[in-house]
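This briefing introduces a protein structure to a structural biologist. The sequence and the coordinates are displayed first, and the commentary comes after them.

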Amino acid sequence: MAVLGIFGTETADVASSIYYGLYALQHRGQASCGIVVNDDGVFRAYKDSGLVNEVFTQNVLRGLGLGQLAVGNVRYGTSDTKDRINAEPIVVNHSKGRMAISLDGKLVNSAELKNEMELKGSIFHTGNDAEIISAVIIHERINSSSIEEAVGKAVARLEGAFSLIIMSPQKLIAVRDPHGMHPLCYGQRNDGEYVVASESCALNSVGATFIRDIEPGEIVVFSKEGLRTVKDHCGKDERLCVFEYLYTARPDSVISNCSVHLARKRAGAYLAKALPVEADVVIGAPDSGLDAAIGYAEASGIPYGIGLIKNKYIGRTFIDPGQNVREDKVKIKLNPVAETVRGKRVVLVDDSIVRGTTCARVVKLLRDAGAKEIHVRSSAPAFLNPCYYGTDIASRDVLIACNHTTEEIARIFGADSVAFLPLEDVFKLGEGGNCKGYCAACFNGEYPTATPKSSGESKYDHKISENKQ
């Protein structure tokens with residue numbers, strides 16, 4: 001999921017700017033998208049299932065009209081919220097005006113908050129957390145002097161990972177959860193016009209100059225009076241999702257003052273040093289594995305080659321809902337370059353091995369293309385735990401490393417060997433940046449917040465852990 005917002009003081013075609021920014025963030029969500037334009041307090045919205053370029057035709061963009069503020073969202077379809085009704089941003093009316101909200105992340109106490117808000121009269125139409133958050137903000141707004149005060153009170157009640165952009169008739173408010181699990185930054189273009197985005201690559205796409213990351217727990221308010229920050233929720237242990245560096249973010253983005261491309265090259269280099277193997281060529285699984293493969297090749301001295309070509313019209317299979325959909329897309333997603341792998345000992349570097357769907361298929365493709373040996377190397381540690389913060393891994397049952405040893409996984413894949421990045425190395429990927437800590441719960445089980453009970457009870461477990469770095 002990804003969020004994007006623009007605050008300006010002059011009437012302009014902000015819808016088109018949001019469109020291009022969302023296009024740059026499409027890798028974070030392919031199921032649905034939406035844009036809300038604010039023209040002097042009048043909201044015009046459009047959202048639907050599908051990719052950005054499919055949903056927002058020229059006629060749709062023209063229908064959104066001109067405005068001073070706008071907010072957008074791309075969302076991937078989790079197993080239970082892939083319908084059109086769950087597309088964001090969410091637009092709500094309340095006694096003190098209108099509000100649009102766009103979310104990247106997931107709450108762990110959403111069931112408790114939803115139950116509380118329903119008992120107070122709220123009615124929910126979607127299955128996503130953005131609507132629950134909007135209800136909490138509206139409830140707090142009744143006894144608050146401003147929308148930002150209400151947002152601050154709401155943040156104190158939210159548990160989980162959330163990067164938010166909230167648009168009122170006059171303001172744009174950016175919020176990052178106190179642990180900073182998902183990235184959020186802002187930049188500026190023209191005089192007094194600000195752009196907020198999940199990743200810095202989106203700022204570049206709309207001609208904005210990066211200013212800085214929003215701090216964990218920080219609330220940034222953009223209004224006609226200027227920019228104001230609220231840091232009442234800052235100071236908790238920072239826990240940036242390390243999967244942003246390994247897979248989620250685009251390689252040309254910079255997160256916590258560290259290049260994603262460089263972080264992935266480091267992962268490959270650590271992998272080569274910790275788990276060397278004799279081979280003739282190193283290839284990467286497009287797209288996220290390419291940077292790590294380059295790092296592996298440089299550190300090992302084994303030549304790098306282009307061994308797989310990706311169909312550019314197929315998106316990310318990891319974030320497609322449903323195993324059958326993922327398997328069908330993998331079949332047409334990749335094709336081997338036989339000249340690179342025929343008769344050779346191949347190191348195949350992938351960004352991660354989660355369910356094993358893609359990797360098993362790729363190994364077979366390389367075998368059929370004549371590879372003599374195939375050594376699979378994951379630039380992420382083994383996935384051993386579900387993620388409750390926005391990645392659709394709800395159960396250990398679907399995680400191949402939970403149910404099989406590396407030797408068994410190699411046999412399942414038809415590979416000569418399989419190995420994962422050592423856990424201790426994953427905390428070194430952001431070296432040189434300014435991130436103070438990482439969430440690696442999917443690898444080590446150390447969750448920085450409460451976690452929902454699998455039984456579905458209203459109460460939830462609470463586990464506070466310190467990641468060893």
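The points below go from the overall architecture to individual elements and residues.

The model is a predicted one. The protein contains 17 helices and 25 strands. Its radius of gyration is 22 Å, close to the 23 Å given by the globule rule for 469 residues, so the protein is as compact as a globular protein of that length.

**Overall form and surface**

- The C-alpha trace spans about 70 × 45 × 40 Å along the principal axes of the protein.
- Of the 469 residues, 60% count as buried.
- Among contacts between residues at least 6 apart in sequence, 67% join residues at least 24 apart.
- The accessible surface of the protein amounts to about 18500 Å², and carbon and sulfur atoms account for 49% of this area.
- The protein carries 53 positive and 57 negative charges, and the mean positions of these two sets are 2 Å apart.

**Helix α6**

- Helix α6 covers residues 147–155 and is mostly covered, with 7 of its 9 residues buried.
- The buried residues of α6 are Ile 147, Glu 148, Ala 150, Val 151, Gly 152, Ala 154 and Val 155.
- These buried residues pack against one helix segment, α5 (129–141), and against the strands β6 (97–107), β7 (160–167), β8 (172–176), β12 (219–223) and β13 (226–230).

**Cysteines and the absence of disulfides**

- A search of the whole structure finds 0 disulfides.
- For Cys 33, the closest cysteine sulfur belongs to Cys 201 and lies 16 Å from its own sulfur, which is too far for a bond. Cys 33 counts as buried because its relative accessibility is 0%.
- For Cys 387, the closest cysteine sulfur is that of Cys 241; the separation is 6.2 Å, so the pair is too far apart for a bond. Cys 387 has a relative accessible area of 17% and is therefore buried, the cut-off being under 20%.
- Cys 442 is located in helix α17 (residues 441–444). With a relative accessible area of 12%, Cys 442 is buried.
- Leaving aside neighbours within four places in sequence, Cys 442 is in contact with Ala 382, Phe 383, Leu 384 and Asn 385. One of these partners, Leu 384, is 58 residues away from Cys 442 along the chain, and the C-alpha atoms of the two are separated by 6.0 Å.

**Gly 34 in strand β2**

- Gly 34 belongs to strand β2, which comprises residues 32–39. Its relative accessibility is 0%, so Gly 34 counts as buried.
- Setting aside neighbours within four places in sequence, the contacts of Gly 34 are Leu 22, Tyr 46, Lys 47, Phe 56, Val 71, Gly 72, Asn 73, Glu 88 and Pro 89.
- The C-alpha atoms of Gly 34 and Gly 430 are separated by 32 Å, and the two residues are 396 apart along the chain.

**Asp 425 in helix α16**

- Asp 425 is found in helix α16, which comprises residues 423–426.
- Asp 425 is buried because its relative accessible area is 8%, which falls under the 20% cut-off.
- Not counting residues up to four places away in sequence, Asp 425 touches Tyr 270 and Ala 274.

Terms used
Residues numbered from 1 in each chain as written. Predicted model: local features only at pLDDT ≥ 70, side-chain atom pairs only at ≥ 80, totals over all residues. Heavy atoms only, no water. Helix = DSSP H or I, 4+ residues; strand = E, 2+ residues; numbered from the N terminus. Rg over C-alpha atoms; globule rule 2.2 N^0.38 Å. Buried < 20%, exposed > 50% of the residue type's maximum accessible area, 1.4 Å probe, protein only. Contact = heavy atoms within 4.5 Å. Areas by Shrake-Rupley, 256 points an atom, 1.4 Å probe, with all protein chains shown as cover. Lys, Arg positive; Asp, Glu negative; His and termini not counted. Charge placed at Lys NZ, Arg CZ, Asp CG, Glu CD. Disulfide = S-S within 2.5 Å.
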